Amino acid sequence: MGRCADEIKLCMPALNYTDDQEIEEDEDPGCCDKIWDFFETDQEVDYISAPFRWDKKELFAGIEDPDTFFRSSLRSFLTHHILIRTDVSKKKDTQDGINIRGLNYLKLKGVYTDVFILHDRPSTLHRRKAFKEKDEDQKVVDPRTELWESWREWYKFQPLWKIRNYFGEKIAFYFAWIELYTWTLIYPTLIGIIVFIYGVYYKMNVFTEIFEEDFNSTETTTKIYTVFTVFNNPATPWFSLILTLWGTFFVEKWKRKSNSLKYEWDVSNFEQLEPDRPQFYGSKTRKNPITEEDEWFYPFYKFYLKLTTSFVTLLFMALIVVATTLGVIVFRIAANAGEYFGEGNDNNSLYTSLVSSVINASAIMILGFVYERIAYFLTDWENHRTQTVYDDSLIIKLFAFQFVNNYASLIYIAFFKENIANNGLFGRTDWKDTCDYTTSDGKQLCYPMLVLQVAVLLCMKPMPKFCKDVVLPYLFHLFAISKNRFRSGDDKCCCCPPCCCSCIRPDNIEAIDAGPQKTKELIDIIEEDRKLIAGDNDFTLSEYTEKTIMYGMIMLFGAVFPLAPLIAMICNVVDVRIDGYRILWKNRRYIAQRAEDIGIWQYILEFLNMVGVIVNSLIIGHTLTSNGSVLDGVANRWVVVFGFEHVCFIVKFLISYIIPDVPSDVQFKMRKEQFQVNQLFEKGPTKAPTKSSPENGTADV
């Protein structure tokens, strides 16, 4: 592992002064420090780090103990790195387009049927330490249990260092991002609640009229939509402005925290030094301009030709999704106008809505299935050199579909449906898509329907993930228990096929290897982890997608539903703990992956902020200025649109310009660390300052 760490320039703590060096502490911490410490969960000391060198390994802290020098996530990362890059053939580098390297190739050829990493356990750690120190009674802390004990305290900060030490930087960056996202949601949540209460007070007469009148079947829908008009009040434009500025503040705050964590976790240069993917193949060789060694490379013109082909293909698929959505809308309008389900039938509209909903849902599912597989195929075909670039390319493709799929119906209701409801489609007055709410002057108003749709989507969006992560695993667990009880007298286990049971079942260990007791214990551990749920290869992909879609709902349509930030914050608080529990105890351990930030997701957030300004401008200028709203009297609604949009962009630019991306103390520490590392390799160890020591200041995260 040490030579592998040297090869990939892995940064490790330098200067072994952890026992003798005294780190000064504040003599009298203030009240704010005590409150901060109460919510803090990480107590790790972050030492100056340097790229590991095998020929100077004595300069690195803890090198004398091979079992603890590399933290748990790094042992996982380095082991996997070695296994997937080991040459298993003396032939050419590629054969039939398949890279003949390491574990992936052997698994593809059926040499191995399953590959997974074991979770840490007290027994395995205790056995390793006790064997070395000859102390069977030594107590060793279980990192998994320790991490969960910190994670389960929902009112405290995320144990980011413990997550990083156990799962790697890529997953740790996700939890750091979701933590900051959740905490910053407090501001729009409080303001949104105030706006909601004000709207109820402002439209109190609406509620009075509703409750004074008797409900009947023909007016129920109208009265329900009337309730949602409370969100159309004088505070709505101001709340829209606050949301657009909050989005900029959140992104700028994340940039600062991301750069601080990047420095503290020693991944500032990861993407520059990132090794090639094992799946990458070159068609020609060239001299590396730095090392002067021969290396494979893939011609740029072929790569960009593939990117162009992928872009055209995915654009065509996105247009198919839009065309399908429009086709369903046209079908619903035409069916209602033609009374295809029976002339004079009172339920014609209901039947039409049901049929169109089934068609739309089926089309989305089929297109989503096809689109996802095309996206993976094209990304593999593009032959990206590093895993980071590969992930960014895949994310763009998948998010493009999710963007169209989740926001197309809302954009239609916000900007197009009202015109069709009042004037008809294609100039035909009998082809109307009703908004189910009519103002006092007889015009159709779709704003209440937009509010209802946003509220329903925000509440229902987390449900599929909750069922997948909580409900289904719980049902499978109950099924396994009942099946195990039913088969209590059988030789077969309840969770694996007969061939597997006959090969590695703990009861048959003697048939495999009549070794000592520790062999049986190890096989028990392997079998226990094998039965855990095999998660996706990239845990963060689905998590970022779901949270980013929710973030987009807030930025694009949060103004029409001020309680959107509250719903998002509650979902985040609950989901983070569910994710922590399942990846620690229910899922197989994820392979540790390194990263220096959240990747392309940061640019997607900035894209949603920009689109949010435009959409909110149009909502204020188009939707809110029509049919007796608060902005009536403005002669030209485009003045409102451009005025609001320019104000937002100017203020967003000023916020981005004023707030530096990298905290000043981090910039100073980076320069000082570089100097100290150079001194270390030139003159040897002299002193061991830490990044978080008082003489260096405290990192601003």
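Let's start with Cys459, which is partly exposed in this predicted model. Its relative accessible area comes out at 41%. Now compare Cys4: that residue is buried, with a relative accessible area of just 7%.

With cysteines on the table, you might wonder: how many disulfides does the structure hold? The count is 0. Here's a quick reminder of what we were looking for: a disulfide is a covalent bond that links the sulfur atoms of two cysteines. Take Cys459 again. The closest cysteine sulfur to its own belongs to Cys571, and the two sulfurs are 7.7 Å apart, so they're too far from each other for a bond. To count as a disulfide, the pair would have to be within 2.5 Å.

Next, have a look at the surface around helices H19 and H20. A nonpolar patch sits there, and both helices, H19 (447–460) and H20 (462–486), give two or more residues to it. Which helix provides the largest share? That's H20, with 9 residues. Among the patch members are Phe466, Tyr474, Leu475 and Ile481. Met460 belongs to the patch too, and you'll find that residue in helix H19. Together, the patch residues have about 970 Å² of accessible area.

Finally, let's go from the surface to the inside. The structure has 1 cavity of 30 Å³ or more. About 50 Å³ of space lies in the largest cavity. What lines it? The lining includes Phe167, Lys170 and Ile171, along with Asn537, Asp538 and Phe539. Tyr590, Ile591, Ala592 and Gln593 are also part of that lining.

How values were computed
Residues numbered from 1 in each chain as written. Predicted model: local features only at pLDDT ≥ 70, side-chain atom pairs only at ≥ 80, totals over all residues. Heavy atoms only, no water. Patch = residues over 30% accessible without salt bridge, like charges linked within 9 Å, V, L, I, M, F, W, Y side chains within 5 Å. Areas by Shrake-Rupley, 256 points an atom, 1.4 Å probe, with all protein chains shown as cover. Salt bridge = Lys/Arg side-chain N within 4 Å of Asp/Glu carboxyl O. Helix = DSSP H or I, 4+ residues; strand = E, 2+ residues; numbered from the N terminus. Buried < 20%, exposed > 50% of the residue type's maximum accessible area, 1.4 Å probe, protein only. 1 Å grid on protein atoms, 1.4 Å probe; cavity = no way out; pocket = protein on both sides within 12 Å on 5 of 7 lines; lining within 4 Å. Points joined across faces, edges and corners; volume = space filled by probe spheres on them.
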